[in-house]
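Work through the exercises below with the sequence and the 3D view open. Try each task before reading its solution.

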Amino acid sequence: MTEIIVRPARTADVKGIRDLLEPMVEQRVLLGKELVALYESVQEFVIAETDGRLIGCGALHVMWKSLGEIRTLMVHDDWARRGIGGLLVESLELKARDLGLKRLFCLTFEVPFFTRHGFEPIGEKQVVSDEVYAQLLRSPDAGVAEFLELAHVKPNTLGNTRMLKTL
């Protein structure tokens with residue numbers, strides 16, 4: 001059996017992350033990210049690799065004091081349904097706990113996968129206080145806008161489910 005390694009991403013992994021994401025961006029399952037945005041957020045990513053080949057990735061984005069988002073989670077089709085997505089989520093959850101986060105958000109089409117990992121759909125429910133909501137409105141990050149369900153991101157989120165997990 002091939003060894004799967006999950007580790008923090010490095011700048012040398014960024015082009016591989018982009019290449020891994022590209023098919024899902026073309027299918028409009030994931031939002032595209034400019035290469036510069038991937039470099040700027042490389043510290044948020046973990047990758048799964050085997051024999052030096054990048055086969056999966058995911059990112060943890062801190063949104064507030066106790067709230068983070070799992071985003072850009074992807075496993076190469078050749079490696080799907082082998083537990084690699086679960087390994088990535090576990091790694092991101094460990095990272096979230098190390099940072100002191102208490103809840104994780106995701107916006108996904110993969111509801112059964114995230115449900116198996118303890119996430120629950122939240123619908124249109126506001127899950128932060130009014131004060132935090134007002135602060136989050138100031139963020140330029142599209143993921144935060146998706147979390148808040150702001151009208152200008154609705155076309156990008158059609159069909160996605162908002163989910164939350166308490167750590």
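Two strands count as paired if DSSP finds at least two bridges between them. Keep in mind that this model is predicted.

**Exercise 1. Find which residue of S5 stands opposite Leu67, and state the sense in which S4 and S5 pair.**

Step 1. Start at Leu67. Across from Leu67, in S5, stands Arg103.

Step 2. Move to Glu69. The residue of S5 opposite Glu69 is Phe105.

Step 3. Name the sense. S4 and S5 are parallel, and three bridges pair them. Backbone hydrogen bonds pair the strands of a sheet, in a parallel or an antiparallel way.

**Exercise 2. Trace the pairing from S2 through S3 to S4.**

Step 1. Take S2, residues 45–50, with S3. Six bridges pair them in the antiparallel sense. One contact to locate is Thr50, whose bridge partner in S3 is Arg53.

Step 2. Look at the turn. S2 and S3 make a hairpin with two residues between them. Asp51, in that turn, has a positive phi of about 50°.

Step 3. Go on to S4. S3 and S4 run antiparallel and are joined by seven bridges. Gly56 has Val75 in S4 as its bridge partner. This pair of strands is a hairpin too, with two residues between S3 and S4.

Step 4. Check the cover, counting a residue as buried under 20% relative accessible area. In S3, residues 53–64, nine of the 12 residues are buried. In S4, eight of nine are buried.

**Exercise 3. Write the strand order of the sheet and explain which strands stand at the edges.**

Step 1. Read the order. Seven strands form an open sheet, S1-S2-S3-S4-S5-S7-S6. The pairing is mixed.

Step 2. Go to the edges. S1 (5–8) and S6 (120–121) each have a single partner strand, so one side of each lacks a neighbour in the sheet.

**Exercise 4. Test the lengths of H1 and H3 against a rise of 1.5 Å a residue.**

Step 1. Take H1. Its 13 residues should span 18 Å at that rise, and the end C-alpha atoms are 18 Å apart, so the two agree.

Step 2. Look for a bend. H1 bends by about 30° at Leu20. Pro23, a proline, follows within four residues.

Step 3. Take H3, residues 84–99. Its 16 residues should span 22 Å; the end C-alpha atoms are 23 Å apart, which agrees. Just after H3, Gly100 has a positive phi of about 90°.

Step 4. List buried positions. In H1 they are Val14, Ile17, Leu20, Leu21 and Met24. In H3 they include Leu88, Leu92 and Ala96. An α-helix has 3.6 residues a turn, so residues three or four places apart point the same way.

**Exercise 5. Describe the largest pocket and its lining.**

Step 1. State the volume. The largest pocket holds about 1200 Å³ of space.

Step 2. Find the centre. The lining has 42 residues; Val29, Leu30, Leu73, Thr108 and Glu110 are the closest to the centre.

Step 3. Assign elements. Those giving two or more residues to the lining include H1, H3, S5 and H4. S4 gives the largest share, seven residues.

Step 4. Sort by class. The lining has 21 nonpolar, 10 polar and 11 charged residues.

Definitions and conventions
Residues are numbered from 1 along each chain as its sequence is written. This is a predicted model: local features need pLDDT of at least 70, side-chain atom pairs count only at pLDDT 80 or more; totals for chains, interfaces and linings use all residues. Side-chain values use heavy atoms; hydrogens and water are left out. The expected span of a helix is 1.5 Å times one less than its number of residues. Buried means under 20% relative accessible area, exposed over 50%, partly exposed in between (1.4 Å probe, protein chains only). On a 1 Å grid over the protein atoms alone, a cavity is a set of points where a 1.4 Å probe fits but cannot get out, and a pocket is an open set with protein on both sides within 12 Å along at least five of seven lines; lining residues have an atom within 4 Å of a point. Grid points are joined across faces, edges and corners, and a volume is the space filled by probe spheres set on the points. Ala, Val, Leu, Ile, Met, Phe, Trp, Tyr, Cys and Pro count as nonpolar, Asp, Glu, Lys and Arg as charged, and the others, Gly among them, as polar. The bend at a residue is the angle between axes fitted to the seven residues ending there and the seven starting there.
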